[in-house]
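Trainee: I would like to go through this model with you, one question at a time. Where should we begin?

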Amino acid sequence: MSVKYLLQRVLKSRAYDRSKALARDYLMHPDRVSDLIARAEQKSSSTTQSSALAECRASLATGCRLIKAYATGQYKEIPWESLTLIAASLLYFIMPLDFVPDILFALGFIDDAALLAWTFKALKGDVDRFAAWEREQTERPTAPSSE
């Protein structure tokens, strides 16, 4: 099965439809966003043995930081559709029973990796703008205190 075919099947799956519907609800509630990020980060760190996910781990981490910055009101310069797509992909990633269940160890993360890679490639401009904003925040000198 080719990755392109797998991705097409994932995008048409009930699991992905469910992720998209849940994404909107999660994004409306900052406390749920925190839970989503924590679960995605935990799953990402616990799946170090998955070579399928290794290639998209950095993008996954950036996506988590982007959603967290949006939820806390620090960063709003992203279209709602892009934000929803990232959240849906993260939700799909944390679902244990998706198109290819994660219990199928050798294959279980291939659909997750394909969807995450596609999402971050499709939204590269939005993610790159966030990464540039994030770098700018860390490079910005702190104002001297007026004591």
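Trainee: Start with a salt bridge: how far apart are N and O where the side chains of Asp-128 and Lys-124 meet?

Mentor: This is a predicted model, and the distance is computed from its atoms. Asp-128 and Lys-124 both belong to helix 8 and are four residues apart, so about one helical turn separates them. Their side chains meet in a salt bridge, with an N to O distance of 2.7 Å.

Trainee: Does Lys-124 count as buried, partly exposed or exposed, and what is its relative accessible area?

Mentor: The partly exposed class runs between the 20% limit for buried and the 50% limit for exposed. Asp-128 falls in that class with 36%. Lys-124 is also partly exposed, and its relative accessible area is 47%.

Trainee: Which residue forms a salt bridge with Asp-126?

Mentor: The partner lies in helix 8, as Asp-126 does, three residues away, or about one turn of the helix. The closest N and O atoms of this salt bridge are 2.6 Å apart. The partner is Arg-129.

Trainee: Of Asp-126 and Arg-129, which one is buried?

Mentor: Buried requires a relative accessible area under 20%. Arg-129 has 47% and is partly exposed. At 11%, the buried residue is Asp-126.

Trainee: How many salt bridges does a search of the whole structure find?

Mentor: Besides the pairs in helix 8, the side chains of Asp-25 and Arg-32 meet in a salt bridge at 2.1 Å, N to O. Asp-25 is partly exposed at 31%, and Arg-32 is partly exposed at 28%. Over the whole structure, the number of salt bridges is seven.

Trainee: Arg-32 lies over the face of which residue?

Mentor: Arg-32 has the salt bridge to Asp-25, and it also lies over an aromatic ring, at 4.0 Å from the ring centre. A second case of a charge over a ring is Lys-43, whose charged end sits 4.9 Å from the centre of the Phe-93 ring. For Arg-32, the ring is that of Tyr-26.

Trainee: Why is the pair of Tyr-16 and Tyr-92 classed as it is, and what is the class?

Mentor: The search of the whole structure finds five aromatic pairs. In this one the ring centres are 6.3 Å apart and the planes stand at 70 degrees. Planes over 60 degrees apart count as edge-to-face, so the class of the Tyr-16 and Tyr-92 pair is edge-to-face.

Trainee: How many residues apart are Tyr-16 and Tyr-92?

Mentor: Tyr-16 is in helix 2 and Tyr-92 in helix 6, so the pair links distant parts of the chain. Both residues are buried. Their separation is 76 residues.

Trainee: What parts does the pair of Tyr-75 and Phe-130 tie together, and how many residues apart are they?

Mentor: The ring centres of Tyr-75 and Phe-130 are 5.1 Å apart with planes at 75 degrees, so this pair is edge-to-face. Tyr-75 lies in the loop between helix 5 and helix 6, and Phe-130 in helix 8. Both are buried. The parts they tie together are separated in sequence by 55 residues.

Trainee: Which residue forms one aromatic cluster with Tyr-75 and Phe-130?

Mentor: Tyr-75 and Phe-130 have the edge-to-face pairing just described. The cluster has one further member, Trp-133.

Trainee: What is the relative accessible area of Ser-19?

Mentor: Ser-19 is placed in helix 2. Leaving aside neighbours within four places in sequence, its contacts are Ala-88, Leu-91, Tyr-92 and Met-95. Ser-19 counts as buried, with a relative accessible area of 0%.

Trainee: Which helix gives the most residues to the largest nonpolar core?

Mentor: That core has 41 residues, and those with the most contacts inside it are Ile-67, Ile-86, Leu-90 and Leu-116. Elements that give two or more residues include helix 1, helix 5 and helix 8. The one that gives the most, with ten residues, is helix 6.

Trainee: How many helices are there in the protein chain?

Mentor: From the N terminus on, each element in the order is α. There are zero strands. Of the 147 residues, 42% count as buried. The number of helices is eight.

How values were computed
Residues numbered from 1 in each chain as written. Predicted model: local features only at pLDDT ≥ 70, side-chain atom pairs only at ≥ 80, totals over all residues. Heavy atoms only, no water. Buried < 20%, exposed > 50% of the residue type's maximum accessible area, 1.4 Å probe, protein only. Core = buried A, V, L, I, M, F, W, Y, C linked by side-chain atoms within 4.5 Å. Salt bridge = Lys/Arg side-chain N within 4 Å of Asp/Glu carboxyl O. Contact = heavy atoms within 4.5 Å. Phe/Tyr/Trp six-rings, centres within 6.5 Å; stacked < 30°, edge-to-face > 60°. Lys NZ or Arg CZ within 6 Å of the ring centre and 35° of its normal.
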